[in-house]
Amino acid sequence: MVGRDSERARLSTFVRAADGQALVLRGEAGVGKSTLLDLAARLAAREGHLVVRATGVEAETELPYAGLHQLLYPLLPTDRTGQPDGPGQSGGPGQPGAPEREQPDTAALAVFDGVFNRTDGPAPSVMALGIAVLNLLSATASKRPLLLVLDDGQWLDGASAEVCGFVGRRLAGSPGAKLLVAVRSDTASRFDTAALPEAPVGALPAPDAARLLDRHHPALGGPLRGLVLDQARGNPLALLELPAHIASRPDDRAPQDLLGLHGVPLPRRIQEVYAGRLDRLDGAVRAELLTGALDGATARRGDGPAPTTRYRMRGVDEAVACGLLVVDPATDTLAFRHPLVRSSVVQLATADQRRAAHRVLAHVHREDPERRATHLAAAAVDPDEDVAAALEAAARSATRRGGARMAVSWLTRAAELSENRADRSRRLGDAAYVAGQADRLGQARSLALAASVPDSDDNPAAVLANGYLALYRDGDVRATHRQVAAAVARLRAGGPGRPGPDRDGPSRDDRGGDGRGGDRGADDDRASDREDRGGDRTGEVLDRLVSLLLAVSQYAGSPTAWQRTHEVLASLGDLATERAWMYADTWSDVVRHGAGWSGPVERAAADLADQDPWDVTRLAVSAYHLDVLSPLRPYLERVVDRELDTGATSSGIVMLHLIMLDQTALGQWDAAEHTGRRALALAAETGHALFAHQTRAYLAQLAAVRGRAEEARDLQAAVDAWARPRGIGFLTQLADAIGATTALAAGDYETAFLYAIGITTPGAFRPYAYQASRTLLDLAEAALHTGRAEQARAHALAARDAGLPDLSPRLALVTYGALAMTAADDGEAADMYTRAQTHPAAERFPFELARIRLAHGIRVRRTHGGAAARTFLAPAAEALDRLGATAWAERAHAELRAAGVAPHTPAPTPSVPLTWQERRIAELAAGGLTNKEIGSQICLSPRTVGAHLYRAFPKLGITTRAALRDALTRIDHHPAAP
């Protein structure tokens, strides 16, 4: 190796370091990165390391987790990965270079099964998968130091690169495991923003370049030598390859013409050198090379067995002789000398030659549905229903694994290969729908127009695409509601786009009185629903239109819109699924229609893996309205990064909203604000004005309860000014609720009352005003403090009479609290207070519980004296301090002083910060999960979870698990970025 002394020293230090770490080598093509990786691998092997190597494959940049599978496959247990077979695999258990496989824990194996598509479970988030990878590496390195070497990292698929970045950032300080990556500086990749330590690999200095050239081409003449040095510009690959290219020139051509123009990038000129050699090969040899290139034959072999069958090139000695291929003597396998050779092979081939190679590869990958479908699609010229169906199946699989954006491409190609107009239109409609959910609204509209029936502008796919575009970007709820409702009516009546029969279903009354489809306790089997509705795709298209209609109705938040929506659902008869009625009832008016839905929601939430991401978010919205969102949050946190990175972006933003709302309800306000800021940035970046203002409203609510009045009012004003002219009642109600909370925090009870009655009249719950029940405590408190005791009492009694305690745990808590606040009799007040504070879910809503304790303590102090009141005021003040609800906390401490308690001294913040892992585990434990449940979620053993908690307790200044939530709210928490 010539002229790489500093790079060699850096790699020697890296390999010999005791602690884990990561390093990225960055340089242009041909600069010698692979040679440096070879050096590091040999050095690590001599030092006793287990070395695992992998290479990014350009042909697989669109296959999620293909690169990660290649990198981890040698470390996974053979009974989970399967024995290698087939003519294309190299290596294997017991063969040279095959590492001893470590046995990860069961939870980690479940994660790997899901991500590598061996089970039907969902692909986990970057964080969950990253933790599982870290555990696997740690377990392996505990027996023997480990070096992972990744070449051509720029070709790694996005999902794999994200996980490698996550892992690389967290290797520091861990014993024994290292990650070394090489990427090209002229090709964008996820490693550009991975925030990993980097070592640039530049061109050789002029003296070293001359020395390298003379060593390999000592007979090169003076003028030609100077020309090569000038053209190569210190690039080692160019110094090695250009002289042979010059030597093969025809006599009538000048060397300058053969080397190309100075304005052409050097990698392109080297590629032309390889193209010249390819031209001289036999056609059969070029066909073999092309098939290998399209299958991602690597420039370097990976250690151990290959994760998937690869095409094995045969009869290519001629390509080896001219330096296009190299032979690995350890395995007798062939590989391309450099990625530029592979690119030249593909670019030189004709379209017919590439299609023939893809047909061969489709057979090679016949056991891999996604790879097979990709090659079949590339090989097809004429419509072919079998190929189209294979692509459609691959797209559905990808969607549920977080690959919605990839699914759009496959569905579009499936439409192109469809043999009849109906299938083409249907698949384009599917592509348009998935594109809309993946935040490709412009593409969704184009696909929808392509799917439209000729001479018709009311195709369901077009209505869906235009509806989502108008809703998300412009907040147009009025026109969108009319258009979607009309499309549902046309579909039911057999209008454009409906392939199914035209029949009337039973009336709403015929289906059990309320039109919900019979027994609510039955699980919602949507697939069976669709089969029962005729076996065609009408049911699926109808479901999508109904879901959009429900979403528009929820944002409109008006009685008129919801009444029309319920009429549309009732007219569908048995075509309206149980899910549709679940969403309609829980999203519209939980007071009037929410009874009985908690059980079905919780049962449906028990099986989320087989549901599309947008179905999961809709179900989670129902759970939010019923205040049973917390059990769904771990799943949302596992998949949200996946959807934002590679899948359904719109659903991902809604997932962030739901996570934020649950964090807010549980008193995790710092984390909630962090989540909200992230959602706002994403919504603004993607042009989702509706989501951006919705996020501002949630951030304003959070600012209001924390006593940041100016911030809350500024955000409230922005939301109100945008939403009110558009008639977006969902947001205008939120704006009024923010105004009420902000005024309550400031002690301006009259303003708070005026805002509260803008949402609903005291003593009643305005129909289809979802904030009416959520602001119950605000209205009662404001009315009491402004001398409107009768109105406050009437409102509390209305909540009781409407059955709010049976609808949700939060509504039970605030109803009992409001009854305690407004009771004329001390005995009733004490009884209602006891019901509130002893409710099984009371601790899940710490802010509401603290307010109820504060109000009851104030009442007791005035009627029974300070000593009796301290029992209620002290825990209220402590909880409000921990939450950071400054205005309410000051009020509580003022009451305590009046009750004879010494002035308040803030509790000290722990001096030793929690690690990221300790914080994560502590939060889950505070949420009520057992060590086993926590370990299953984040891929750790229960014993490891317990060890983390044991270390966290003294840092938090506590000794029991019950004190975790209060301790966590005392410390400033800034969640680590994945």
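A crossing of two helices is called left-handed if the near helix is turned anticlockwise from the far one by less than a right angle, and I begin there since two helix pairs will come up under that term. What you have in front of you is a predicted model, and everything I say about it should be heard with that in mind.

Let me take the pair α36 and α46, whose crossing is left-handed. Helix α36 covers residues 729–746 and helix α46 covers residues 886–898, and the two pack at an angle of about 35° with their axes 8 Å apart. On the α36 side the contact is made by Thr741, Leu744 and Ala745, which meet Ala887, Trp888 and Arg891 of α46. By character, the residues of this contact are four nonpolar, one polar and one charged.

Now to the chain as a whole. It has 978 residues, 59% of which count as buried, and its secondary structure comprises 50 helices and seven strands. If we take the contacts with a separation of 6 or more, 71% of them are between residues 24 or more positions apart.

As a general point, nonpolar side chains in soluble globular proteins tend to be buried together. Here the largest nonpolar core has 183 residues, and those with the most contacts inside it are Leu471, Leu569, Leu619, Leu731, Leu880 and Trp888. Its largest share, twelve residues, is contributed by helix α34, residues 689–705. A second core, separate from that one, has 57 residues, among them Val24, Ile934, Leu956 and Ala967. Returning to Leu471, and leaving aside residues up to four places away in sequence, we find that this side chain's residue touches Asp476, Val477, Leu548, Ala551, Val552, Tyr555 and Leu690.

Helix α34 also has a packing partner to consider, namely α33, residues 669–686, and these two helices pack at an angle of about 160° with their axes 9 Å apart. Because that angle is over 145 degrees, α33 is roughly antiparallel to α34. This crossing, too, is left-handed. The residues of α33 in the contact are Trp669, Ala672, Glu673, Gly676, Arg677, Ala679, Leu680 and Ala683, and they meet Phe691, Ala692, Thr695, Arg696, Leu699, Leu702 and Val705 in α34. Ten of the residues in this contact are nonpolar, two are polar and three are charged.

I would like to turn next to backbone geometry. Most residues other than glycine have a negative phi, so what should we make of the exceptions? Ala195, which is not a glycine, has a positive phi of about 60°, and Asp627, also not a glycine, has a positive phi of about 60°. Where does Ala195 lie? Its place is the loop between β4, residues 177–184, and β5, residues 198–200. Asp627, for its part, lies in the loop between α30, residues 613–625, and α31, residues 633–646. Are they buried or exposed? Ala195 counts as exposed because its relative accessibility is 64%, whereas Asp627, with a relative accessible area of 7%, is buried.

I will end with another aspartate, Asp423, which is found in helix α20, residues 421–437. The cut-off for buried is under 20% relative accessible area, and Asp423, at 17%, therefore counts as buried. Not counting residues up to four places away in sequence, Asp423 touches Glu385 and Ser418.

Definitions and conventions:
Residues numbered from 1 in each chain as written. Predicted model: local features only at pLDDT ≥ 70, side-chain atom pairs only at ≥ 80, totals over all residues. Heavy atoms only, no water. Core = buried A, V, L, I, M, F, W, Y, C linked by side-chain atoms within 4.5 Å. Buried < 20%, exposed > 50% of the residue type's maximum accessible area, 1.4 Å probe, protein only. Helix = DSSP H or I, 4+ residues; strand = E, 2+ residues; numbered from the N terminus. Contact = heavy atoms within 4.5 Å. Axes fitted to C-alpha atoms, helices over the stretch in contact; angles between N-to-C directions. Parallel < 35°, antiparallel > 145°, perpendicular 65-115°, else oblique. Nonpolar A, V, L, I, M, F, W, Y, C, P; charged D, E, K, R; others polar.
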